[in-house]
Structure formats: structure tokens, C-alpha cells
Amino acid sequence: MLGWELPPHNSGGLGVACYQLCEQLSKNDVDLEFILPYTSQEDISFMKVHGAMRDGVLEIMQSGIAYDSYKYIYNDGHEEWHDLYSQAKFYEHAVADMIKGMSFDIVHAHDWLTFRAALRVKALRKNIPIILHVHSIESDRAGGRHGNPLVREIEETAMLGADTIIAVSNFTKQKIVAEYGIPADKIEVVHNSIDQNSLIPSDPDNAYKYLSLLKQNGYKVVSNVGRLTIQKGLTNLLHAARIVVEKLPKTVFLIVGSGEQLHELITLAADLGISENVIFTGFQRGKNWRDSFAISDLFVMPSVSEPFGLTPLEAGFYNVPSLISKQSGVTEIISSCLTVDFWDVNEMANKIVAVLRENALKNTLTDALALELQAMSWERSAGLVKQLYEKHLHRAAV
Amino acid sequence: MKSILLYMHVHQPYRLRHYTIFDAGTYHNYFDSTWEDKANNQKTLLKVAEKSYLPTNEILLRLLNKYPEFKLSLSISGVLLEQLEEWTPDVLKSFQSLTDTGRVEIVAETYHHSLAFFYSRSEFETQVNMHKDIIKRLFNQEPKVFRNTELSFNNDLAAWAESAGYKGVLAEGWHKYLDWRSPNYVYKSSVAPNLKLLLKNYRLSDDIAFRFGDRNWSEWPLTTDKFVHWINQDVDAPIVNLFMDYETFGEHQWQESGIFDFLEHLPNEWLANTEHNFLTVSDAVDKFDPVGEIDSPETVTWADTERDLSAWLGNAMQQQAIASLYNLEQPIFRLNDWSLIEDWRKLQTSDHFYYMCVKWFNDGDIHAYFSPYDTPYDAFINFMNAYHDLKSRLLERGIEV
């Protein structure tokens, strides 16, 4: 399996999904080797995890989150920095080197950064089926625009050459067909899930002391947790926030995460005159991350284009209801949430106000989502993936 | 002699337009959707009229003219009659043609198709009287048999109906109070000995209302001779109560299912035996002595697998919404402003609460079919925004709730 991140060195839902899918697959007796673009000492017992190392490289370090640049430390002591695109190339060649001594039946690759490597394997081992797992495509990450043509080229070439494509939602499947003209019958939808055991319950001592105090004084907290990129639609959330604050001045918007839009969003909040009501925390892990959910009255995921979107399920675990853009795949598997078109800031504000004002709405949403979460597991999704494996192995044998 | 009691309930609510918290306090036209909106009441009425009311009434009138033995009973909510008068007078006329035959009886109910009985007895009685007035005006009838919204029934309702002078009440034929007994007889209330009860045979009724067009149903297709055969299997029973939504014909079961042909042929098939006839609900109440008592301390309705009020009042949103609404009763009547009272009453229509039901996994699909909203949460948000506007209209006049 080829992937770009695994917890704890993940920047978002992709790493979590890979980890939990692999864990369930290994329970179903699938023997996995996972190749990452960096070296780390993971404490993972259910599969072998490798860093994609070429000869002469001693260590590869992430500089920040998984999509920043990488530092290569060589055996002879010299260091090199690589950006994401060249890192994907290094990864490709390292994988090609590494498989020389490896025996495997299937290559399963997650998202475009690993797709060149998957194609390289296909070129070297003609009988190995290639399964590409699409957690997002370039137009998602570009917030519905065209995006980077180099990345699009990789996605298109790889998907045309793949034996099977797995999409994380019907929403994504349709986009793959529309953007790249891939035949729909080559794309299987396998929704992500959530392993509730992986989440640590929040404790009563919330890390956000100031927000706790505000809440005691009648304030309500609306949050978003995610990367601050155009894909995530946060400018629309801030426009909605201005309307909400006019109606309910005791509302705080908590924006948790980092990304290239940070400065733009801070400026926008100031331009809208709501800086006092918008709090930016930067990227958070562990307790601070958990408590961002736990302190909230409502979680909003206003993404412009979200292939799946794990955070509303995580919010649900911390008993927080969600308002989710209709352009999100996760709405295909849960009913107990509010939805809105990402561009409709008036309706977004209308629904935020409703949840903040009506406890009955908040409680009904929370209780109903809890029931849905209880019924969720990776078993079904991993079962579908294993079936795909078996189908290809059978075909290869014939 | 064996008799069919065919009773059909006709109703359309005033659906709310998409109404946001930013409309509240500014615009008070909750019920005026744009023509494009699927919640537009006039458009919905025209559609239902074309698919259901007009073709069904045409068949019923033809049957009444052809078979002197054919009879039926209808209840028509006041909020629907209002809409018929305003937008489709021809449909109203087609209902009047039915009652003009003298063999179509109108059943009493609340004007606003509300659950007021459970929240405000005085408001409930006002709505029953409003309905009585409009039935007198449009159909020149004085109903003697009562049905509460969604066939909701309990001992309190029985006691009230008897004291209000009704001869009978319609209710669900539910095993909870029937136990081993059959619904195909006339009963009386345990708390109101002069009040007779007519109980829906839900199996046979739902064979038509719910299962008729279901191709996965092992009995599909349902023919009139098969159906008459089923009725006859209970050899000794004097009556069979077929109670259903009028919109079964053409709206819930589409024309393509053959539902109109079924209706057209049923009287012929049934009356082929000279020991068979049809009765209206008053005929049955007058003709039969009760064979037993029905004791219903708890409320029973004709909805969902639970047959209780949970489809309307089962979750916290529904309970909050309806409690908030009835909390406005006293302040609204203090102002005595007719437009405010009107809006408040239109919001009492049970459909608004039905749209908020979150019973996703069993009955949810049925609820979704009738709702103009994407989700029950949207229904709640919209309703509460209208409620907040009512409150703001009171506040403007110096009345704090």
C-alpha cells in the first residue's frame, strides 16, 4: 500500500482513513506493507511500515504538516530540501528501488502523490493489479477550480491506467467521471467510516479556558477544524458569521487549523468587523484538538468540494451536531445533520442561528447522530476493499 | 346483511414557505411560497386536484348515480376547504355534487387539523365549532360523528365527544384495546356509554391505502373479487370499516397502479350479493347496538407501527415546537387581532410537526414522501422562525412572552 501520511504524523482525514482501513483489512487477514514518504518510528503492529528510502539516504523528515517541504539527510551528512512535487518524484523512484526485493500481489495507492509510484510499479511488474484510492482530486483541492495542470496530468494518466479506482463517495465518483472521463464502471464507491475506539473522550477540564468562561456568560461557540485552504470554504463561513453575530452577538467562531488562507481569513474577519468574534488557533493535536470539538455548540464544515469529510463524525463523537455543505460526501452516509449549499451564506446563517437558539434542535441532532455513529464501522468498507482484491487476484490467476 | 363503511379523509395543510430568522420580525407572510417553491400551496392543491380530487370525485359521483345502495362518509378539513374556495372552486363544487345525492355524510373534526385537544380544550372546541360552521355553510350538513386529527383517540376524547352531543367517534382498530376482539362490530366507550365507536379495519384498509401498488407485496395485484373474498372471510361480522386518506386515490397510489379501476369496480363486485350494502357512519351508529366496551386510557392514532402520537410529538424538537406555539395562546387572545390568531391557528396544523419526525429507519420513508422539506431539522428551523415572528409581533404590541 502506498500512502502519504499516517497518524500521528497526519494533517487530516486522509491519514486517519488509511490507518483505520488498514487495521480492519489486517483483521480480515490481508497482509499489508505500507510505504510512506518519510521515515518515522511508528508503533504499528498490524502491518509493516516503511519510509520510501533511496540508496544513500539516512533520514527523510517532514518540516511541518504532510504537505509542506521535506528535508533529506544523506549518509554523507549533506542535506537537501524538496518541495511536494519533487518529493513525489523521489518517492516514485524510491518505491521502484524498494520493490526489487519485495513480493506482493496488489498495489493499492492513496491519492495523486503516490500515483506516479503506482504507475512505475505497473511498468516494472506487468501482472500486478493497480488500485487507486481517491480521497480527493485536484479540482476539490482547488475549491472547484481547475487547479494545477501538472497534478491533473498525473491524476488523469494514472486513473486511465489503473485497474480499478476506489472513490470515497458517490460525489467523488461523479467528479472523476466528469473531470477525467473515466468509465463509471471502473470506479467503486467505498465510503470511509470512523473507528470510535480511536477517539479519546474529552475530559471536563477544557483547554479553552477563555471560551469556557464566555460560555458561562451565555456565549455560544461555532467551530471548524481543518486545513485553511480554498477547498474548505471558510470565507463563506465568515460571511455567514457576520450575519449571525448581528443577530446573536454572543457567538464565537473558533477556527482550528493552519494553511495558506490563514492571513486572508484574518483580514476578512477584520474587514467584516467581527474580529472579536473569530478566534484562530492554528494547527492543533491531542487534547487541544479534542477540546475544540468539545467546547462547541455547533460544528460547521462549509467545504466547497469535500470528497468525504471526516470531521463531522468526529464532532458527533464529542456530542456536537454539524452543519455540512451539500457538496460533501459524508452526507451520503449520515442523515442526522443540517446541510446547506456552500455558497448560500444567508441559509448558513439561518441554520447556525437555529441551532444556537433552539436546544431541542441541537439535542435531537446530537442524539440521532450518536445512534448513527454507533452503527458505523470499517468492517463493511474493508470488506468491500477485500472483495476487490480477491476479484483482481482471481482474474490474474485466470 | 353485511355492510362496508367507506370513510375517506381529505386534507391539505397550509405549508410554510422557506422562512429564515432574518425574515422573522420583518415579513409575516409565512404561507406565501413563490410559485417555483415546492411548498407553494396553490400549486400543490392544483396538482392534487388534478391527480386525485377531480378524477376520484367523478368516479364517486358516477357510482352514486349508478348504485342506489352506494354510500360513503368524508371528513374535509377546514384549512383545505378554505383553499378549495380560493383556488379551485370547481373541486369544491365536485365535493358538493357528492353530498347533494344525500348519500355522502360529512364527519366532524377540527377546522385546522390540529392536535389542540391535547394542549388547549377551549381552542379545540373553537376549532370544532369553526369546522361545524363551514360544513353547514358549504354542505348544509350537521355532523353527528366525530373524528379527531389523525384518528387520535382516548377516554378523554370519548367523554368530551359524548358531552358535546356526538353519537359516535371514529378510531383505529388497534389490538391494544381490542385484544382478541374484531374491529368489524360497533363498540361503545368505557367512559361514555352513549358514545358508539367505529374502529378501522387496518389490515383491509391498508391493503388499499398502502399496499395496493406495491409490486413486491405477495398479494399484488389486488383485484376487487379477491378483496371482497377477504371481507367475506369474517362470516358473522356485520360491518367492515375501510378508513383511509382520500388522497390514496391518485396521489398516494398513482393512476398507473390501477387504483381508480379498483374503486370503480368495488361496488359492483360487493353489491352482486344482495346480502351486501354500504352504510355511512351515522347509519351504522344508528343501526347497531354495541357488542362491547373500549377502554383507552392512552392515546391511539392511525399512524406508523406504534399507533401513537410519536410521529407528531415523539422527539424533543416536536415537543418544543408545539409547546412554544400553545404558550402563545393567552397573549394572542389578549390582543384579539384576527390576522395574528389566523396565523397562529394555521401553525397548529399537525402536518408541521409530522415533517419534524426523525424516525428514519422504519417509517421515515413514508414521512419523507409527504414532506416539502429535505430533512426534519429543516422543518423545525422553518417552523420556529415563524414562531419567533409571531412572538415579535406580540412584542411590538408590548406583550412579552
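**Exercise 1.** State how far apart the centres of domain 1 and domain 2 of chain A lie, and describe the contact between these domains.

*Solution.*
Step 1. The centres of domain 1 of chain A and domain 2 of chain A, taken over C-alpha atoms, are separated by 30 Å. This is a predicted model, in which local features need pLDDT of at least 70 and side-chain atom pairs count only at pLDDT 80 or more, while totals for chains, interfaces and linings use all residues. Residues are numbered from 1 along each chain as its sequence is written, chains are lettered from A and ligands numbered from 1 in the order in which they are written, and side-chain values use heavy atoms, with hydrogens and water left out.

Step 2. Domain 1 of chain A covers 13–193 + 377–397, and domain 2 covers 197–374; such bounds come from an automatic or database domain assignment. To the contact (heavy atoms within 4.5 Å), domain 1 of chain A gives 21 residues and domain 2 of chain A gives 15 residues.

Step 3. Between these two domains of chain A an area of about 1500 Å² is buried, 65% of it from carbon and sulfur atoms. Buried area is the accessible area (1.4 Å probe) that two parts lose on being put together, summed over both.

Step 4. On the side of domain 1 of chain A that touches domain 2 of chain A, α6(A) gives the most, with four residues. Helices here are DSSP runs (H or I, at least four residues), numbered from the N terminus.

**Exercise 2.** Describe the interface of chain B and chain A, starting with how many residues are in contact.

*Solution.*
Step 1. Count the residues: 20 of chain B are in contact with 22 of chain A.

Step 2. Take the area: the two chains bury about 1700 Å² between them, with 67% of it on carbon and sulfur atoms. Of the area that chain B buries against chain A, 36% is supplied by B:F22, B:Y377 and B:I381, more than by any other three residues.

Step 3. Look for salt bridges (a side-chain nitrogen of Lys or Arg within 4 Å of a carboxyl oxygen of Asp or Glu). Chain B and chain A have two salt bridges between them. The side chains of B:D374 and A:K326 form a salt bridge at 3.5 Å, N to O.

Step 4. Find the elements: α12 (316–327) and α17 (376–396) of chain B each supply at least two residues of the side that touches chain A. On that side of chain B, α17(B) gives the most, with seven residues.
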